[in-house]
Amino acid sequence: MDIAGFSSLCEQVDPEMLVRLTQEYLQAMCEIIGNSRGTLDKFIGDCIMALWNAPRRLKNHERAAVAAALEMQGRLVQLHRSWEAEEIPAIKFRIGINTDAVLVGNFGCAHRINYTVLGDGVNLASRLEAANKHFGTVVLVAESTRNQSMPEYAFRFVGKITVPGKASVLAVYEPLYRTALSMACASSSVATLSVSLLLNLTDSMMASSGDAEARIMNSWRMIPKRALDDLTKDYEEGMREYIAGNLLAAERAFT
């Protein structure tokens, strides 16, 4: 994961503020990694590299990584709130997640070694992080991660990317944290139902079932048209702000 536009940020704020912002940001993100049983690999400037399922085995490590990435977005909103009064600028980040077999262990030289991971799968995670800039997303995951994380999480197909050295194009997905979106709309039972339905409609497993589709359509008919129109406008506004990386504005729209 990487802070978007960090070089420009360094030019906008004084050194003391930059140090505080960076430390609070790194501390918050690393706490989430640890709480999700991930392993902090290293800091590369403002970039955080982390891994799951090593050195200790972790069941459902793909889901743990996705959950951590989405929790980080909520934590960043909280940081923005605490910074607003002091006019500390809001920041955006980009995250890439890939699931693959890699080399893991101590690597280095005679004078210094680091516990880290090496391999093509690591490189792809980096490519996914960078691809967020092109797609206007915050988190992108590989198809391998998406497949192992369903149905606990819903995903939106974003597009396909080409990676140097690979002949085929790769599908990439944006994870949608159902619980977070439902809680954001918990002020209205209609809103909660509708957002749940919108997410379910993106799930190919749900769409493949005729009975499930019928239940969805019947649920839609129960929602008053005016309430549905208002909800749709709020949802579209929230998604526009979310895609743009304006998490505070997105939260206000969803609530």
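Which helix holds both Arg-20 and Glu-24, and how many residues apart are they? Both sit in helix H2 (residues 15-35), four residues apart, or about one turn of the helix. Keep in mind that this is a predicted model. The protein chain has eleven helices and nine strands, and here is a quick tour of its salt bridges, its cysteines, a buried helix and the largest pocket.

**The chain as a whole**

- Of the 255 residues in the protein chain, 44% are buried.
- Take the contacts between residues at least 6 apart in sequence: 57% of them join residues at least 24 apart.
- The protein chain shows about 14,200 Å² of accessible surface, and carbon and sulfur atoms account for 52% of that.

**Salt bridge within H2**

- Searching the whole structure turns up six salt bridges.
- One of them is the Arg-20 and Glu-24 pair, whose side chains meet at 2.8 Å, N to O.
- The spacing makes sense for a helix: an α-helix has 3.6 residues a turn, so residues three or four places apart point the same way.
- Arg-20 counts as partly exposed because its relative accessibility is 31%, and Glu-24 is partly exposed too, with a relative accessible area of 27%.
- The pair isn't on its own, either: Arg-20, Glu-24 and Glu-86 are linked in a network of salt bridges.

**Salt bridges between elements**

- Glu-129 pairs up with Arg-94 in a salt bridge, with 3.4 Å between the closest N and O atoms.
- That pair links distant parts of the chain, 35 residues apart, with Glu-129 in helix H4 (residues 120-135) and Arg-94 in strand E4 (residues 92-97).
- Both Glu-129 and Arg-94 are buried.
- Arg-156 and Glu-174 bring their side chains together in another salt bridge, at 2.7 Å, N to O.
- Arg-156 belongs to strand E8 (residues 154-161) and Glu-174 to strand E9 (residues 170-176), so this pair ties together parts that lie 18 residues apart in sequence.
- What about cover for these two: buried or partly exposed? Arg-156 is partly exposed, with a relative accessible area of 30%, whereas Glu-174 is buried, with a relative accessible area of 0%.

**Cysteines**

- If you're looking for disulfides, the structure holds zero.
- Cys-47 counts as buried because its relative accessibility is 18%, and the cut-off for buried is under 20%.
- Cys-109, at 45% relative accessibility, counts as partly exposed.

**Helix H11**

- Why is helix H11 (residues 247-254) described as largely enclosed by the rest of the structure? Six of its eight residues are buried, so the description fits.
- The buried residues of H11 are Leu-247, Leu-248, Ala-249, Ala-250, Ala-253 and Phe-254.

**The largest pocket**

- The idea behind the pocket search is simple: rolling a probe the size of a water molecule over the atoms shows where empty space is left.
- The largest pocket holds about 940 Å³ of space.
- Its lining takes in 36 residues, with Ala-50, Leu-51, Trp-52, Asn-98 and Ala-125 nearest the centre of the pocket.
- Two or more lining residues come from each of these elements: strand E3 (47-51), helix H3 (61-84), E4, strand E6 (113-118) and H4.
- H3 is the biggest giver to the lining of the largest pocket, with six residues.
- Two of these lining elements already came up above, since E4 carries Arg-94 and H4 carries Glu-129.

Terms used: Residues are numbered from 1 along each chain as its sequence is written. This is a predicted model: local features need pLDDT of at least 70, side-chain atom pairs count only at pLDDT 80 or more; totals for chains, interfaces and linings use all residues. Side-chain values use heavy atoms; hydrogens and water are left out. Buried means under 20% relative accessible area, exposed over 50%, partly exposed in between (1.4 Å probe, protein chains only). Contact means heavy atoms within 4.5 Å. Accessible areas come from the Shrake-Rupley method with a 1.4 Å probe; for residues, only the protein chains shown count as cover. A salt bridge is a side-chain nitrogen of Lys or Arg within 4 Å of a carboxyl oxygen of Asp or Glu. A disulfide is a pair of cysteine sulfur atoms within 2.5 Å. On a 1 Å grid over the protein atoms alone, a cavity is a set of points where a 1.4 Å probe fits but cannot get out, and a pocket is an open set with protein on both sides within 12 Å along at least five of seven lines; lining residues have an atom within 4 Å of a point. Grid points are joined across faces, edges and corners, and a volume is the space filled by probe spheres set on the points.
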